[in-house]
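Work through the exercises below with the model open. Each task is followed by a stepwise solution.

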Amino acid sequence: MIIQRGRRLLKQPTGEVPGRIISLRGIRVEKTQAMLLLKDARPLAEKIAEYLRLHSKAGHIAVAGSIRRCLEAVSDIDIVAGTAAGDDLLDFAQSLPGIGTRLERSLTRLSVLLTVGVKLSIHVVEPPDFFAALYYYTGSAAHNAQIAAWAKQAGFSWSEQGLFAATGEKILLRDEQELCRLLKLAYIVPELREGYAEIDLARAGKLPLLVTAADMKGGLHVHTDYSDGSDTIAGLRQAAQRLGWAYLGISDHSQSAFYAGGLKTAAVLKQRREIDQLNATSDFTILAGIESDIKPDGSLDYSDDILAGFDFVIASVHSAFKQDEQTMTKRIIKAMSNRYVSILGHATGRLLLKRAGVRIDLPAVIEAAAQTGTILEINCNPNRLDLDWRWHGQAKAAGVLLAVNPDAHSIAELSYLDNGLASARKGGLTANDIINTRSLKELRLLLRRKR
């Protein structure tokens with residue numbers, strides 16, 4: 001287990017009004033209280049790196065920091081440059097569009113406040129020091145402090161200036177992996193460099209083999225034009241096939257979700273007939289699911305005989321967000337106790353940088369998921385990323401399986417799966433911890449195991 005903390009979710013600002021739209025050579029993001037979602041920050045950082053590479057002596061340029069570690073929301077952009085012309089590169093960097101206030105300028109660093117409200121720091125080092133600097137400027141402060149302490153025990157010294165032998169001689173690294181090899185650690189991927197248990201596990205050779213995109217066989221939690229999605233089932237099937245998926249799980253909103261065109265019983269039956277017809281024409285399988293609203297009392301908004309007809313049921317809270325913690329926790333656990341509920345959707349209901357999650361006893365919910373055999377969702381919408389990665393380790397330790405669900409409302413949003421995959425990796429999850437890495441046969445059994 002990588003993350004054992006899991007006491008509180010990242011606090012999110014509430015009640016924000018989206019600010020003005022700014023641009024940096026084609027990148028558009030919303031300004032929100034000096035933080036950006038990863039979905040905005042990563043392409044912005046890559047665009048800045050691309051701009052710096054226009055310099056004739058740019059050398060190696062890479063995005064580092066919290067973006068490379070895949071934090072869901074960031075306040076800083078860090079870029080590392082390995083170049084013999086550092087001063088010239090930093091001069092060139094000051095011509096970047098979107099620079100607001102200059103905060104610091106030295107021979108090795110330029111720090112500015114971008115007009116989007118986040119801090120940009122460009123760190124320049126000599127080319128031979130590039131990989132040492134990339135590792136350092138990627139890790140969190142806690143991770144780097146632990147690496148430095150372990151290096152000292154191993155007879156080295158390590159800092160942002162590099163790795164040094166006991167004699168004081170600098171050791172030049174050919175890649176980041178070499179740092180770990182010299183310190184007798186298994187390689188620690190960027191997503192895990194947060195300063196929790198990763199170094200102890202790397203010392204013991206027990207780091208998990210993290211899930212990869214190649215492991216994913218399909219996506220569940222997909223909305224169509226039957227409710228608030230924009231594309232047809234047939235169109236989504238074609239797109240899923242192009243992505244190399246083996247199956248697709250349709251889960252439109254249920255009948256009480258009037259705000260999202262929730263499906264009445266007649267529409268459910270009509271949709272199921274269409275899915276059956278499409279499945280009869282292809283080896284590709286569409287699973288007929290539903291995202292059923294959890295009502296304030298914890299019941300679902302279809303009768304059991306309707307729920308029994310679905311291949312899977314995702315139960316989600318979409319109303320009465322202000323219930324107290326005890327009431328909300330009981331409400332969610334009651335829904336998970338329903339034999340037809342396969343998955344708990346976006347457990348806290350948070351919207352990053354906009355709405356805090358509901359008040360809920362997550363350890364109790366995780367325990368209930370283990371007891372009832374309910375799968376927990378990692379909702380891949382970049383505004384949600386819920387269940388938060390800080391809780392993945394606790395769920396895994398309890399024997400709870402997770403589903404990396406795109407929550408797509410269009411063909412384009414099927415790619416949201418990548419966001420959830422990054423979150424799952426950051427939470428230390430392997431392919432075995434996630435249901436949609438399984439074959440269709442295995443997946444069907446897991447989705448219906450409570451019945």
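**Exercise 1. Find the elements that line the second largest pocket, then describe that pocket.**

Step 1. α3 (86–93), β9 (119–125) and α4 (130–138) each give at least two residues to the lining of the second largest pocket. Helices (H or I, at least four residues) and strands (E, at least two) are DSSP runs, numbered from the N terminus. This is a predicted model: local features need pLDDT of at least 70, side-chain atom pairs count only at pLDDT 80 or more, and totals for chains, interfaces and linings use all residues. Residues are numbered from 1 along each chain as its sequence is written, and side-chain values use heavy atoms, with hydrogens and water left out.

Step 2. The volume of the second largest pocket is about 280 Å³. On a 1 Å grid over the protein atoms alone, a pocket is an open set of points with protein on both sides within 12 Å along at least five of seven lines, whereas a cavity is a set where a 1.4 Å probe fits but cannot get out; lining residues have an atom within 4 Å of a point. Points are joined across faces, edges and corners, and a volume is the space filled by probe spheres set on them.

Step 3. The pocket has 18 lining residues, and Thr-108, Val-124, Val-125, Glu-126 and Asp-129 are the closest to its centre.

Step 4. Sort the lining by class: seven nonpolar, five polar and six charged residues. Here Ala, Val, Leu, Ile, Met, Phe, Trp, Tyr, Cys and Pro count as nonpolar, Asp, Glu, Lys and Arg as charged, and the others, Gly among them, as polar.

**Exercise 2. Describe the largest cavity and name the element that gives the most to its lining.**

Step 1. Two cavities reach 30 Å³ or more. The largest holds about 120 Å³ of space.

Step 2. Its lining has 13 residues; Leu-38, Cys-70, Glu-72, Leu-385 and Asn-419 lie nearest the centre. Two or more lining residues come from each of α1 (38–52) and α14 (417–426).

Step 3. The top contributor is α14, with four residues. By class, the cavity lining splits into six nonpolar, two polar and five charged.

**Exercise 3. Is α14 enclosed or open, and what covers it?**

Step 1. Eight of the ten residues of α14 are buried, so the helix is largely enclosed by the rest of the structure. Buried means under 20% relative accessible area, exposed over 50%, partly exposed in between (1.4 Å probe, protein chains only).

Step 2. Among the buried residues are Leu-417, Gly-420 and Leu-421. Their cover includes β13 (218–222), β18 (375–379), α13 (392–397) and β19 (402–405).

Step 3. After α14 comes Gly-428, with a positive phi near 80°.

**Exercise 4. Why does Cys-380 form no disulfide?**

Step 1. A disulfide is a covalent bond between the sulfur atoms of two cysteines. The cut-off here is a pair of cysteine sulfur atoms within 2.5 Å.

Step 2. The closest cysteine sulfur to that of Cys-380 is in Cys-70, 13 Å away, which is too far for a bond. Cys-380 is buried, at 0% relative accessibility.

Step 3. The structure holds zero disulfides. For Cys-180, the nearest cysteine sulfur is that of Cys-70, 17 Å away.

**Exercise 5. Place His-346 and list its partners.**

Step 1. His-346 sits in the loop between β17 (343–344) and α12 (362–372). It is buried, at 2% relative accessibility.

Step 2. Its side chain makes a polar contact of 3.4 Å with the side chain of His-318. Such a contact is a pair of N or O atoms within 3.5 Å; within protein, one must be able to donate a hydrogen and the other to accept it, and residues adjacent in sequence count only if both atoms are side-chain atoms.

Step 3. Beyond four places in sequence, His-346 touches residues including Glu-291, Glu-377, Arg-384 and Asp-407. Contact means heavy atoms within 4.5 Å.
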